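Biologist: I'm new to this one and would like to learn how to read it. Could you walk me through it?

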Amino acid sequence: MPSEPSEKKSKSRAPNKRGAKNRVSSKKPTHVDEHVGKRLRLRRNLLGLSQDELARRIGLTSQLIQKYEAGETRISASRLYGIAEQLAVPITWFFDELGGKKRPSAESKQPSEAQDWSELVTKRESRQLLELYFGITDERLRRKLMEVAQLLKTTDVE
């Protein structure tokens, strides 16, 4: 029986092939990871936080936040929990509007209205325009601005 301890040693030093297949970090991010990243960017922008500020609050680098938001890097459950706390949302918020969606194929890249809105409000120009618009206190002027925007849109199409 003296051979048993040496067998255990060699087994423990040998790479665990089964474990290597199941490692999450070796997998490429999925459409779910991309969705969570977009939701992270959306919430951060809605709160007016920069990537640097969010990274500082949770003890990460802004580059990692950037990779999370781009869907290039998966977010672990514990890290997502910490991010959700900092952004004052329940962790389930990151999965809202995901439903049973699969990754869209190349020919069916028809974004939904919710996706359009999410992407729109993540742009600095959109948020700035909304802030300026709602900063106009006179309701009549706001309506006139909408009319001008409608005219500009139809002129652009022609």
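Modeller: Let's go from the overall make-up to helix pairs, then to the core and a couple of single residues. Keep in mind that this is a predicted model.

Biologist: Where do I begin? How many helices and strands does the protein have?

Modeller: Start with the secondary structure, which here comes to nine helices and zero strands. Along the sequence, that reads as α-α-α-α-α-α-α-α-α.

Biologist: And what share of the contacts with a separation of 6 or more joins residues 24 or more positions apart?

Modeller: Such pairs account for 58% of those contacts. As for burial, 22% of the 158 residues are buried.

Biologist: How do I read two helices that sit against each other?

Modeller: Two packed helices are described by the angle between their axes and the distance between the axes. Try α4 (residues 51-58) with α5 (residues 62-70): the angle is about 110° and the axes are 8 Å apart. Angles from 65 to 115 degrees count as roughly perpendicular, so α4 and α5 are roughly perpendicular to each other.

Biologist: Which residues make that contact?

Modeller: On the α4 side they are Q51, D52, L54, A55 and I58, and on the α5 side S62, I65, Q66 and E69. Sorted by class, you get four nonpolar, three polar and two charged residues.

Biologist: S62 is in that list. Is S62 buried or exposed?

Modeller: The cut-off for buried is under 20% relative accessible area. S62 has 18% relative accessibility, so it counts as buried. Apart from neighbours within four places in sequence, S62, a residue of helix α5, is in contact with Q51, D52 and A55.

Biologist: What about α3 and α5? At what angle do they pack?

Modeller: α3 and α5 pack at about 120°, with axes 6 Å apart. That angle makes α3 oblique to α5. From α3, the contact uses G37, K38, L40, R41 and R44, while α5 brings Y68, E69 and A70. The class count for α3 with α5 is three nonpolar, one polar and four charged residues.

Biologist: Let me pick R41 from that list. How does R41 count by accessibility?

Modeller: R41, which sits in helix α3, has 26% relative accessibility and therefore counts as partly exposed. You can also look at its C-alpha atom: R41 and E69 are 28 residues apart along the chain, yet their C-alpha atoms are separated by 5.6 Å.

Biologist: One more pair, please. How do α4 and α6 cross?

Modeller: The axes of α4 and α6 (residues 77-86) come within 10 Å and cross at roughly 115°. The crossing is right-handed. L54, R57 and I58 of α4 meet G82, I83 and Q86 of α6. By class, that contact has three nonpolar, two polar and one charged residues.

Biologist: Now the core. Which residues of the largest nonpolar core touch the most other members?

Modeller: With a core, look for the members that touch many others. In this one, which has 17 residues, those are L40, Y68, I75, I83, L87 and F94. The elements giving two or more residues to this core are α3 (31-46), α4, α5 and α6.

Biologist: Take I75 as an example. Which residues does I75 touch?

Modeller: Leaving out residues up to four places away in sequence, I75 touches V36, L40, Y68, L80 and I83. Two names there may ring a bell: L40 belongs to the α3 contact with α5, as does Y68.

Terms used: Residues numbered from 1 in each chain as written. Predicted model: local features only at pLDDT ≥ 70, side-chain atom pairs only at ≥ 80, totals over all residues. Heavy atoms only, no water. Axes fitted to C-alpha atoms, helices over the stretch in contact; angles between N-to-C directions. Left-handed = near helix turned anticlockwise from the far one by under 90°. Contact = heavy atoms within 4.5 Å. Nonpolar A, V, L, I, M, F, W, Y, C, P; charged D, E, K, R; others polar. Parallel < 35°, antiparallel > 145°, perpendicular 65-115°, else oblique. Core = buried A, V, L, I, M, F, W, Y, C linked by side-chain atoms within 4.5 Å. Buried < 20%, exposed > 50% of the residue type's maximum accessible area, 1.4 Å probe, protein only.
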